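Me: Could you help me see how the words used for a structure follow from its numbers? I would like to go through it in small steps.

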Number of protein chains: 2
Amino acid sequence: MSEDKLRVVAVGVEAFDQALRDTDTPFVRLDWKPPAAGDTDLVGALFNIDTACVDENGLSLVDKANKEVFDRILRGQPTLRRILPAHRCIEGMTRNTILHSGPPIKWEDMCGPMRGAFLGAIRYEGLAETDEEAAEMMSAGKIAYGPNHARSAIGPMTGMISYSMPVFVVENETFGNKAYCTINEGIGKVMRFGANGPEVIERLRWLEKSLAPALDEAVQAMGGVNLKNIIAQSLAMGDEMHQRNVAASLNFYKAVAGPLHDALRKREDGTRAAAFIASGNEQFFLNLAMASAKSILDPCRDVPYSTVITAMSRNGVNFGINVSGLGQRWFEAPCLKPEALYFPGFSEKDANPDMGDSAIVECIGIGGFAMGSAPAVVRFVGAGGLADAQRYTNSMGEITIGRNPALAMPNMDFAGVPTGIDIRKVVATGVLPVINTGVAHKEPGIGQVGAGIVNPPMAIMEEAVRAFARKYAGQCRGNI
Amino acid sequence: MSEDKLRVVAVGVEAFDQALRDTDTPFVRLDWKPPAAGDTDLVGALFNIDTACVDENGLSLVDKANKEVFDRILRGQPTLRRILPAHRCIEGMTRNTILHSGPPIKWEDMCGPMRGAFLGAIRYEGLAETDEEAAEMMSAGKIAYGPNHARSAIGPMTGMISYSMPVFVVENETFGNKAYCTINEGIGKVMRFGANGPEVIERLRWLEKSLAPALDEAVQAMGGVNLKNIIAQSLAMGDEMHQRNVAASLNFYKAVAGPLHDALRKREDGTRAAAFIASGNEQFFLNLAMASAKSILDPCRDVPYSTVITAMSRNGVNFGINVSGLGQRWFEAPCLKPEALYFPGFSEKDANPDMGDSAIVECIGIGGFAMGSAPAVVRFVGAGGLADAQRYTNSMGEITIGRNPALAMPNMDFAGVPTGIDIRKVVATGVLPVINTGVAHKEPGIGQVGAGIVNPPMAIMEEAVRAFARKYAGQCRGNI
């Protein structure tokens, strides 16, 4: 090749490429974007965080804090201890308390499925006979409601937890804290998707009266069930533990099979319970994965200088995140609609915006972050083929603190899942966390209509970075 | 680059490479081997098969026959129908009949673990009190023994099937034939690995008296269990169904959970049975996968002109294959020792050569052929990393008729498993079938000592090609 020809490395604005092509100038395009999409205010905030948050040796206090949080995530040891009625374990649950998913929201602002779930939960608790009565109680302020996250609890989709509902009690053995989540009801017409008909209420009562006491007996007989092992085993079996829990549900059944059989054989409806866990509900483990993640992340809250996300959660209207160094504050913006595949007879126009506390699993590196380990889920959520799945997982490596070697992905040559979302990296790279999610119908009473992929709105990441800079890096440059 | 320099493409003998390197001559080495490793006799046999076995239009009768066999494999629908004592379903089982794995072999020629298993099986049937008595019966010709394969049966490792042992009855719904296999005993000290102590005999009796009748009741209540679905689901969950049946065993449990619970709750030891299948034996499904493969392949036998392998099997001394167009004839040569990882305390010097009927699963494209779908097994059998696993699977594509779309591997972008081993392709490419296998201790009474990878000896492939050429292509060139 002659040496006198112009050779170009092109970065940034792509409009120049055509000019190079027109003049036959060879060029290489670098896949580079200016940090924070060229927003100088945000660049200033990121710069200030980097330069101001340092110790006497010039080492980053943020990196140090994030390393601490990352270590706490890796050290987490979620163990299922009991299955108990919510009022026996969750603080402050009165007969008329109902907890919901996502950041706080008022009754009048709630989306359709969330309203449907509230009305069903009120009837399930025997506080009202009809939806009309129940709605009146909500309007009249007779129900004390608030987010699960404020009570160490967590719930998928609408996330309902009421007084009598049985919840898994998951203890993080390393730190001694507990997290709570209801029992997964199955798919289709279920309360978490806003359905509230008689079969929904009947199933909830059966879970309360039959399955929960038997499972509690089995778990007590075993002295607890190590959930981290099940998560690790199931990653090797094609689950990402958000939209696919086929292996994890079976691995959980496997762990309790003997004692559960003992507990169930005395019961008239024992076979229904055995079949419900082993055969009837491929998402059974989702709620256990969520409680595991919540129990792992609660001890990661309130670490000064940490930019790691401790919760991502949606109430069907707003998407909210918490950031370790910024305490319990919710950074919120309207939820996006998932890019989804819809069940027959439904389409995007039926879809409610993104909802549920379940995105907690992505915060520990599973769910959408581990899609490369779960090629079968990629088609279920409409995300393409195996290469796409592995691209998703690899790109999550760009916005996280590190890899969790205890949660290895054999499909990706045993790489650990990308763990600990750093808001600095999200804003600097423009790569948003990817969440695998179910999609609820926007009207109350209907249920699930599809499954897909969704992101948090970038605005809340940017808002959190600005707030972080204000709190930790003093006055920031620019108009923030 | 100047145009006057010598440039070389090197194929064949590698000794010339150094000369090229010494003279700084740039060269590209092609990874090419002459077909049949340069053996002109074999090349002649392959050539004769290709040229002589054609119809009036010059189309290959072999390709046509192999396509027919391939279609039969794809159309196979293995369904578990019953669990019955061997004498109630396998033809000609008398009280003193014992079937074994592999091609036929005489008592005096058997390896240690096979002898240990025979002695245990004789005691289990109450035909003798001690190993000495049992050995005397064998020497005196008082036990009628022969290979499983001759009775539509199949067994892992030593492959023992005796009069009272319960067997799975698997029907190929498409063709109506049935195949039989014992219930997997678990791992470690078990009869299939040649162990025969009191705990081995006790477990076999318990399988016969308790687990088998209850499981039979459940399966009958269900009207049968579709095993092909379970194999397909489990491929998506990291199993290759030879050395890894973690998901398949759970998926089987899942399929029968409700009816099995009903059948077991009436029994004193029901919990032991529930736990044995769901928790106690991660290889439980192996025997069902084997019976499935046997039921699929038996209708593929005796198709004139077909060069597809209908069985690969080992008796611990010799490795034998059957070829469709060559009927029931065994092509045999001494077994190789597996390349294995050994359990703590054991090493290669403890290993018995390759053994068992289990390589039937590779004949339908699972086991070693599907390793690319089961990255976790690759480490268990000591075969390297994910890339190696996928290389194994891809190389099996070179020696098979086609891909089975019903057995898709999500980890390999949903490619079907490579199916239908063609002895022509094996000999022409030099690529041997790869088998994932357990390794038995060479002495009787000890059991499993490791797991690894093994090939059939090339000699039997070559012998089969020569025999095929003699039968179908008339006189072959060369000294054969």
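Me: How many residues of chain B are in contact with chain A, and with how many residues of chain A?

Reply: Good place to start! Keep in mind that this is a predicted model. In it, 27 residues of chain B are in contact with 26 residues of chain A. On the chain B side, α9 (246-265), α10 (270-278) and α13 (375-380) each supply at least two residues. Helix α9(B) gives the most, with 11 residues.

Me: What classes do the residues on the side of chain B that touches chain A divide into?

Reply: They divide into 15 nonpolar, 8 polar and 4 charged.

Me: Why is α5(B) called oblique to α7(B)?

Reply: Let's set the value against the cut-offs. Helix α5 (residues 112-124) and helix α7 (residues 198-222) of chain B pack at an angle of about 55 degrees, with axes 10 Å apart. Angles under 35 degrees count as roughly parallel and 65 to 115 as roughly perpendicular. The angle fits neither range, nor is it over 145, so α5(B) is oblique to α7(B). The crossing is right-handed.

Me: Which residues make the contact between α5(B) and α7(B)?

Reply: From α5(B) come B:Gly120, B:Arg123 and B:Tyr124, and from α7(B) come B:Val200, B:Ile201 and B:Leu204. By class, these are 4 nonpolar, 1 polar and 1 charged. The polar one is B:Gly120, because Gly is counted among the polar residues.

Me: What makes α2(A) oblique to α15(A)?

Reply: The axes of α2 (residues 40-52) and α15 (residues 458-472) of chain A come within 9 Å and cross at roughly 45 degrees. Oblique covers what is left outside the parallel, perpendicular and antiparallel ranges, so α2(A) is oblique to α15(A). This crossing is left-handed. Among the contact residues are A:Leu46 and A:Ile49 of α2(A), and A:Val465 and A:Phe468 of α15(A). The whole contact has 8 nonpolar, 1 polar and 2 charged residues.

Me: Why do β14 and β18 of chain A count as edge strands?

Reply: Three strands of chain A form an open, antiparallel sheet in the order β14-β19-β18. β14 (339-342) and β18 (435-440) each have a single partner strand, so one side of each is left without a neighbour in the sheet. Neighbouring strands are turned by 25 degrees against each other on average, direction ignored.

Me: How do you know that β18(A) and β19(A) are paired?

Reply: Pairing needs at least two bridges. β18(A) and β19 (residues 448-454) of chain A have 6 bridges, so they count as paired, in the antiparallel sense. In this pairing, A:Thr437 stands opposite A:Gly452 in β19(A).

Note on methods:
Residues are numbered from 1 along each chain as its sequence is written. Chains are lettered from A and ligands numbered from 1 in the order in which they are written. This is a predicted model: local features need pLDDT of at least 70, side-chain atom pairs count only at pLDDT 80 or more; totals for chains, interfaces and linings use all residues. Axes are lines fitted to C-alpha atoms, for helices over the stretch in contact, and angles run from 0 to 180 degrees between N-to-C directions. Helices (H or I, at least four residues) and strands (E, at least two) are DSSP runs, numbered from the N terminus. A crossing is left-handed if the near helix is turned anticlockwise from the far one by less than a right angle, and right-handed if clockwise. Two residues are in contact if their C-beta atoms, placed from the backbone, lie within 7 Å.
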